[in-house]
Amino acid sequence: MLIETKKLTKTFGGLVAVNEVDFTIEKGKINAIIGPNGAGKSTFFNLLSGSYSPTSGRIFYKGKDITKLPPNKIARLGVARTFQTTNLFEQSTVLDNVIVGHRLRTESNLLDAVLRTKRFKREEEKCRDKAMEVLDFVGLTHVRDQLAGSITQEEKKRVAFALALATDPEIVFLDEPTAGINPGETEGLADLMEKMVEQQITVCLIEHKMKMIMALADKIMVLNYGEKIAEGTAEEIMNNQAVIEAYLGGDASA
């Protein structure tokens, strides 16, 4: 396993957003987290990426306890994520947006940047090369010089993928990666997720498009009111009565 949580819990005042969730994310797989709105899915992601500190419980990455690590240190370990809302520097080019991602892997400091040292120039070139590599991977080299604010919503989703991939991750958390795009574009992003796994990048996503999830995910966890109510393959989830009552109902093919 790549990531494991043990009794992971997050409360906000009297609200229990995530309640003693045990979960394992398998390396080299597409893992999915589903559940109704307000089930605790994004909170769970925020705990795993270090954006939130757990109220109790533990998070392990490759066997190492990362429960108290800040987001930047978790990212440097190989954990990347995207967000429901794609936030880009819209007045900068697509290429410049993605270059930012690989700076996580550089050592240059402010003085290097001011003095334009050899290290700074060398690392800037590496960042550019990495950005070009991941833009090619996600199919966006043709828009690399366009302003990020001028491209389509689907292209912005791909830029978010590229930005995450530029950090050289072992796992990418994708928070509703296909929200706001049409079925054909959704299929294209699903293909991209499978391509990522082929490159040994583990994927974990939150998604509401059940047809895609059931066809794509190797393993699915279902949250409801912050609690894990089911975990298993797509077939197991679709036939789980607790899941049907809580979430899927007659909409499993939507």
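In this predicted model, helix α6, spanning residues 153-165, packs against helix α7, spanning residues 183-198. Two packed helices are described by the angle between their axes and the distance between the axes. For α6 and α7, the angle is about 15° and the axes lie 11 Å apart. Because angles under 35 degrees count as roughly parallel, α6 is roughly parallel to α7. The crossing of these two helices is right-handed.

A reader following the contact residue by residue will find Glu-154, Lys-157, Arg-158, Phe-161 and Leu-165 on the α6 side. On the α7 side, they meet Glu-185, Gly-188, Leu-189, Leu-192, Met-193 and Met-196. Sorted by class, the contact of α6 with α7 brings together six nonpolar, one polar and four charged residues.

Attention now turns to a sheet. Strands of a sheet pair through backbone hydrogen bonds, either parallel or antiparallel. Here, four strands form an open sheet in the order β2-β1-β4-β5, and the pairing is antiparallel. Its edge strands are β2 (15-25) and β5 (64-65), each of which pairs on one side only. Strand β1, covering residues 3-12, runs antiparallel to β2 and is joined to β2 by seven bridges. Two places help to trace this pairing: Thr-11 has Val-16 of β2 as its bridge partner, while Thr-5 stands opposite Phe-23, also in β2. The two strands form a hairpin with two residues between them. In that turn, Gly-13 has a positive phi of about 65°.

Helix α1 (residues 41-48) packs on this sheet and touches β1, β2 and β4 (56-61). The direction of α1 makes about 115° with that of β1. Within helix α1 sits Thr-43. Is Thr-43 buried or exposed? Its relative accessible area is 13%, and since buried means under 20%, Thr-43 is buried. With neighbours within four places in sequence left aside, the contacts of Thr-43 are Lys-10, Phe-12, Ala-17, Val-18 and Tyr-52. Lys-10 and Phe-12 fall within the residue range of β1, and Ala-17 and Val-18 within that of β2.

Two loop residues deserve a look for their backbone angles. Gln-200 has a phi near 70°, a positive value in a residue other than glycine. This residue is placed in the loop between α7 and β8 (202-206). Gln-200 counts as exposed because its relative accessibility is 56%, and the cut-off for exposed is over 50%.

Tyr-225 likewise is not a glycine, and its phi is positive, at about 50°. The loop that holds Tyr-225 lies between β9 (219-224) and β10 (227-232). With a relative accessible area of 68%, Tyr-225 is exposed.

Further along the chain, helix α9 (residues 234-238) contains Ile-237. How do Ile-237 and Tyr-225 compare in accessibility? Ile-237 is buried, with a relative accessible area of 1%, whereas Tyr-225 is exposed. What separates Ile-237 and Tyr-225 in sequence and in space? They are 12 residues apart in sequence, and their C-alpha atoms are 17 Å apart.

Technical notes. Residues are numbered from 1 along each chain as its sequence is written. This is a predicted model: local features need pLDDT of at least 70, side-chain atom pairs count only at pLDDT 80 or more; totals for chains, interfaces and linings use all residues. Side-chain values use heavy atoms; hydrogens and water are left out. Axes are lines fitted to C-alpha atoms, for helices over the stretch in contact, and angles run from 0 to 180 degrees between N-to-C directions. Angles under 35 degrees count as roughly parallel, over 145 as roughly antiparallel, 65 to 115 as roughly perpendicular and the rest as oblique. A crossing is left-handed if the near helix is turned anticlockwise from the far one by less than a right angle, and right-handed if clockwise. Contact means heavy atoms within 4.5 Å. Ala, Val, Leu, Ile, Met, Phe, Trp, Tyr, Cys and Pro count as nonpolar, Asp, Glu, Lys and Arg as charged, and the others, Gly among them, as polar. Two strands pair if DSSP finds at least two bridges between them. Buried means under 20% relative accessible area, exposed over 50%, partly exposed in between (1.4 Å probe, protein chains only).
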